[in-house]
Amino acid sequence: MLEIKKRYVVPGDVIIEGNYRPLMNVIKKDNFIIATRIGIAESSKDGIKVIPLSGVYIPRINDIVIGKIVDNSSLSWEVDINACFSAHLPAQDVFGRDFSPAKDDMKKRLAPGDLVTARIITFDRTRDPMLTIQEKDLGKISNGEFLKISSTRVPRLIGKRGSMIQTIEQATQTRILIGQNGILVVTGKNDEGIALAFKAIKLVEEEAHTSNLTQKVKDLLNVSEEITQTETNNSSVNNEDYVNNSSNTDNNSSNMGNDHSSNINTESPKEAQPN
Amino acid sequence: MDQTILIDKNGKRTDGRSIDDLRDVKITIGVLKNADGSASIEFGKNKIIVAVYGPREVHPKHMALPDRCVLRCRYHMSPFSTDTRKNPAPSRREVEISKVMREALEPAIMLEDYPRAAIDVFVEVLQADGGSRCAGIAAASVALADAGVNMRDLVAACAAGKVNDKIVLDINDIEDRRISRYARCIFTKS
């Protein structure tokens, strides 16, 4: 089933003829597999899929997203998650079950304009997505620099088992929070590091579809000596893990989001780090 | 009556094409930074720019459909796009073409993938030279693909007319004014 190597397609392109299973962004018509998005066609054991190169974020259950509080009603907050639907964060989720709209001041906990990391708990075609922040590493984001990228670039930015984002974080001394919806928050000790991280992220966004991207990012960040560290993680595994555990907890949670996503990185996308 | 010869004795038209030749086409994508998808097309002397926004929330909310996406199209000719200044207010013709374009694009888009959302397509004609709606449809389908909307196929369109009992494809402005019958066809593969 490896007849098609990676190939660029546009909507309506016939990817392959034969009895294959359509997986993602493809339709089956008669005996043809036809692409429905601009992207890279790929075949795997399970079937044929197209990895999209453009598009807005469509919420999925279990995605970790970063959203902005827009408004609140008496029972829930309205959160802008950069998608075609605004999400709802129920007040009980923050105040606990004994929440009373008369007693608790919702604006004190989360005011309009605040950023939150949240997980989508329910979403279907009939109702707007519902969020939760009652988990480890979720909740209000206190500080950082805000950045928006296309949500189709998020898996590439994380990289295989988080390799790309770790490279950027280590080289620039920053922490990067990633939402599956393409919203990032970068925090760091100094402004130069943050500016450099921004540059690297922009590079990944612009050239996400090119090969050898990790090398380009490393060239930009001047991390020749660190290449060996991140790629052969085993030699320095203890040291690296220690660093990750102490400083990158939020990053792990956002990588977790990647597990449930489209997984542009086909090889073992599971986040293996113990936390 | 204008006495221009539309087809000369060699079978060539006013701009040197034969009856079934298309004009030169050039399509560029991603011309607008703030749109979700965009394209510009040069179809002969037509110059058209298309912006696609969405899928996004529907405003006003009551327009939203529970089972599928709303597609909204706006075809507009700039005041400077024609020989004499065109009033920028939407004319009857533009309202009709907007509807025709919407109906041409709807079957190609998988609207059922985005329930309760809307996709907005804005087609702005910067320079008109006959067949601008067909060029607009082609550009709109490319812009939709650029926006990452799920589509069954790209859409192509071409005008046709009858000159001296001969069917002529892709009519330009001069022919458009003199033509006896006129039809536009819209194609998809599937």
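Gly148(B) follows helix α2(B) and has a positive phi, near 80 degrees. The helix before Gly148(B), α2 of chain B, covers residues 132-146. In this predicted model, how far apart are the end C-alpha atoms of α2(B), and does that distance agree or disagree with what 15 residues should span? The end C-alpha atoms are 21 Å apart, and at 1.5 Å a residue the 15 residues should span 21 Å, so the two values agree. Because 15 of the 15 residues of α2(B) are buried, the helix is largely enclosed by the rest of the structure.

**Confidence**

The model is predicted, and its scores are ipTM 0.84 and pTM 0.82. For chain B the mean pLDDT is 90, with 96% of the residues at 70 or more.

**Where the chains meet**

Chain B brings 22 residues into contact with 19 residues of chain A. On the chain B side, the elements that give two or more residues are β3 (46-57) and α2 (132-146). Strand β3(B) gives the most, with four residues. Sorted by class, this side of chain B consists of 10 nonpolar, seven charged and five polar residues.

**The segment before β1 of chain B**

Ile7(B) is found in the segment that precedes β1 (25-29) of chain B. Is Ile7(B) buried or exposed? Ile7(B) counts as partly exposed, because 16 C-beta neighbours lie inside 10 Å; a buried residue would need 20 or more, and an exposed one would have 12 or fewer. Beyond its neighbours within four places in sequence, Ile7(B) is in contact with Arg13(B) and Ile19(B), and also with Val163(B), Asn164(B) and Lys166(B). Ser18(B) is 11 residues from Ile7(B) along the chain, and their C-alpha atoms are separated by 8.4 Å.

**The four-stranded sheet of chain A**

Four strands of chain A form an open sheet in the order β1-β6-β7-β3, and the pairing is mixed. At the edges are β1 (7-9) and β3 of chain A, each pairing on one side only. From one strand to the next the twist averages 35 degrees.

Strands of a sheet pair through backbone hydrogen bonds, in either a parallel or an antiparallel sense. Both senses occur around β7(A). Strand β3 (residues 22-24) of chain A runs parallel to β7(A) and is joined to that strand by two bridges. Strand β6 (residues 39-43) of chain A runs antiparallel to β7(A), with five bridges between them. β6(A) and β7(A) also make a hairpin, with four residues between the two strands.

Some of the bridge partners in β7(A) are listed here.

| Residue | Bridge partner in β7(A) |
|---|---|
| Pro22(A) | Ile48(A) |
| Met24(A) | Lys49(A) |
| Gly39(A) | Pro52(A) |

How many of the five residues of β7(A) are buried? Strand β7 (residues 48-52) of chain A is mostly covered, with five of its five residues buried. Ile48(A), Val50(A) and Pro52(A) point one way from the strand, while Lys49(A) and Ile51(A) point the other way. Lys49(A) is therefore among the buried residues of this strand by the cut-off of 20 or more other C-beta atoms within 10 Å.

**The three-stranded sheet of chain A**

A further open sheet in chain A has three strands in the order β14-β16-β15, with antiparallel pairing. Why do β14 (145-148) and β15 (174-178) of chain A each have one side without a neighbour in the sheet? Both stand at the edges with a single partner strand, so one side of each is left free of a neighbour. The twist in this sheet averages 25 degrees from one strand to the next.

β14(A) and strand β16 (residues 183-188) of chain A pair in the antiparallel sense over four bridges. Within this pairing, Phe146(A) stands opposite Val185(A) of β16(A).

Helices also pack on this sheet. Helix α4 (residues 163-172) of chain A touches β15 and β16 of chain A, and its direction makes about 150 degrees with that of β15(A). Helix α5 (residues 191-206) of chain A touches β14, β15 and β16 of chain A. The direction of α5(A) makes about 150 degrees with that of β16(A).

Note on methods. Residues are numbered from 1 along each chain as its sequence is written. Chains are lettered from A and ligands numbered from 1 in the order in which they are written. This is a predicted model: local features need pLDDT of at least 70, side-chain atom pairs count only at pLDDT 80 or more; totals for chains, interfaces and linings use all residues. Two residues are in contact if their C-beta atoms, placed from the backbone, lie within 7 Å. Ala, Val, Leu, Ile, Met, Phe, Trp, Tyr, Cys and Pro count as nonpolar, Asp, Glu, Lys and Arg as charged, and the others, Gly among them, as polar. Two strands pair if DSSP finds at least two bridges between them. Axes are lines fitted to C-alpha atoms, for helices over the stretch in contact, and angles run from 0 to 180 degrees between N-to-C directions. pLDDT is the predictor's confidence in each residue, from 0 to 100. The expected span of a helix is 1.5 Å times one less than its number of residues.
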